[in-house]
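Open the model in your viewer and keep the sequence panel visible. The stops below are given as selections, each followed by what is there.

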Amino acid sequence: MSNDGMMRLGVSMRYLGYHMAAWRHPDVPADGAIDFHYFLESARKAEAAKFDMIFFADGVGVRASDTPPGSASRDAKNAELEPLTLLAAIGACTKHIGLVGTASTTYNEPFHIARKYASIDHISAGRAGWNVVTSWSQQEAWNFNRDEHLGYEERYERADEFVDVVKKLWDSWEDDAFIRDKASGIFYDESKLHVPHHKGKHFKVRGPLNSARTPQGRPIIVQAGAADAGREIAAKNADVVYSASFDIQSAKAYYDDLKGRLAKYGRTPDQLLIMPGLTPYVGRTRQEAQDKFDQLQELIDPLSGLSILYSVLGDLSGYDLDGPVPATSAGPVSSIGNGLLEMARRDNLTIRQLYKIRASGGRQLIGTAQDIVDDMESWFREGAADGFNLCPATLPGGLDDFIEFILPELRRRGLFRTEYTAQTLRGNLGLGALSFGG
């Protein structure tokens with residue numbers, strides 16, 4: 001639980017919603033993913049509701065593979081706006097909401113990342129955040145002169161050094177380094193310039209960054225991996241972790257494990273917020289909520305359902321859709337695949353049932369506002385979450401429902417703010433000021 005007893009809330013806004021059939025919903029504009037105003041409208045709604053941040057996941061390629069044949073043409077996740085460009089534009093049109101976007105450490109260079117996020121932090125007056133990921137898909141590798149993606153160990157080793165370099169670049173200048181004194185002709189204080197001169201296994205970066213220290217000291221760092229190497233990067237560097245637990249027991253174990261790693265990096269538990277993803281279906285009655293869920297489930301094409309399992313469990317097209325999930329080896333994102341297999345075995349799920357669960361957007365809750373807030377409060381108070389990252393099934397509908405039904409109940413229980421309390425994302429998250437070099 002956070003120090004002030006308040007949940008932190010983000011809203012993940014990629015594509016048209018986190019249900020794979022969201023684009024087919026009658027209230028969703030099918031071309032919204034390439035429409036700036038579609039996202040700006042949702043960002044402004046989230047800001048009016050006092051959410052901490054909006055969040056854009058990303059990949060540097062169309063990850064869909066046409067397995068089974070015909071599935072790729074049914075996938076809406078193939079045309080979208082580049083997130084940093086989008087966040088810079090949204091930042092110029094908003095005043096308070098945090099702006100978090102994903103950028104890969106596999107197919108970028110540290111200087112590019114440091115400069116772009118520093119610029120967004122300046123443009124937004126201190127609201128930028130970098131979600132650190134490694135790229136794992138073949139489709140992304142093919143776009144960057146490679147036939148195969150980097151191996152697991154190399155990806156995470158590179159990522160660890162990458163983040164170190166970016167942080168050094170963000171610390172190129174102390175807060176008051178730029179004097180800009182016209183009378184003396186001195187633009188900056190030489191003693192407050194710190195050139196990184198980084199030389200490592202993967203990167204050689206002299207620096208300094210051609211940007212002043214940002215309003216937050218540096219943009220916040222978000223991490224979203226569940227693998228052990230990812231947890232170490234998070235414990236060492238992250239301000240926020242976007243996690244993907246499906247039940248409170250595994251969420252508490254993840255929470256305790258990650259917070260328990262902080263001490264060896266000289267950090268305390270309150271310096272890292274853990275915010276699991278959550279996809280609620282809420283209505284005035286439980287039946288109304290169930291009807292919203294069922295409507296989307298009926299829009300799933302079977303080929304699309306098999307395709308979404310392929311990336312983590314392999315090709316299941318040769319099996320009976322209404323038979324048990326076979327014990328195949330997990331795919332590229334092994335932590336997700338293993339979790340799905342464990343759930344399928346525990347709950348005796350068929351392939352069809354499993355792809356419908358995965359299609360619906362991660363951990364889902366269906367019910368009234370009281371039902372959903374009971375669950376959220378339990379996770380919050382029992383040490384499984386410091387807040388949540390809302391992954392609406394459809395956008396803007398899922399966000400609208402959260403604001404209309406769930407936020408009033410959270411506020412009635414004193415679990416979420418009624419006004420922003422700081423000027424920066426770091427401040428609103430309750431993370432405190434960041435000293436130079438911190």
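Select strand S11 (residues 273–282) together with strand S13: the two pair in the parallel sense over two bridges. Strands here are DSSP runs of E, at least two residues long, and helices are runs of H or I, at least four long, both numbered from the N terminus. Two strands count as paired if DSSP finds at least two bridges between them. Within this pair, Gly277 stands opposite Asn389 in S13.

This is a predicted model, in which local features need pLDDT of at least 70 and side-chain atom pairs count only at pLDDT 80 or more, while totals for chains, interfaces and linings use all residues. Residues are numbered from 1 along each chain as its sequence is written, and side-chain values use heavy atoms, with hydrogens and water left out.

Next, add strand S1 (residues 8–12), which pairs with S13 in the parallel sense over four bridges. Here Val11 stands opposite Leu390 in S13.

Now show S13 alone, residues 387–390. Are its faces covered or not? Both are: Gly387 and Asn389 on one side, and Phe388 and Leu390 on the other, are all buried. Buried means under 20% relative accessible area, exposed over 50%, and partly exposed in between (1.4 Å probe, protein chains only).

Move to Ile54. Leaving aside residues up to four places away in sequence, Ile54 touches ten side-by-side candidates worth displaying, including Val11, Met13, Leu87 and Val100. Contact means heavy atoms within 4.5 Å. Ile54 is also among the residues with the most contacts inside the largest nonpolar core, along with Phe51, Trp130, Met376 and Leu410. That core has 66 residues. A nonpolar core is a set of buried Ala, Val, Leu, Ile, Met, Phe, Trp, Tyr and Cys residues joined through side-chain atoms within 4.5 Å. Apart from it lies another core, of 25 residues, among them Met20, Leu299, Leu309 and Tyr355.

Then select helix H2 (residues 83–92) and helix H3 (residues 110–123), whose axes come within 9 Å and cross at roughly 15°. That angle makes H2 roughly parallel to H3. Axes are lines fitted to C-alpha atoms, for helices over the stretch in contact, and angles run from 0 to 180 degrees between N-to-C directions. Angles under 35 degrees count as roughly parallel, over 145 as roughly antiparallel, 65 to 115 as roughly perpendicular and the rest as oblique. For side chains, show Leu84, Leu87, Ala88 and Ala92 in H2, which meet Lys116, Tyr117, Ile120 and Ile123 in H3.

Finish with helix H1 (residues 36–48) and helix H13 (residues 397–412), whose axes come within 11 Å and cross at roughly 15°. Ser42, Lys45 and Ala46 of H1 make the contact with Leu399, Asp400 and Ile403 of H13.
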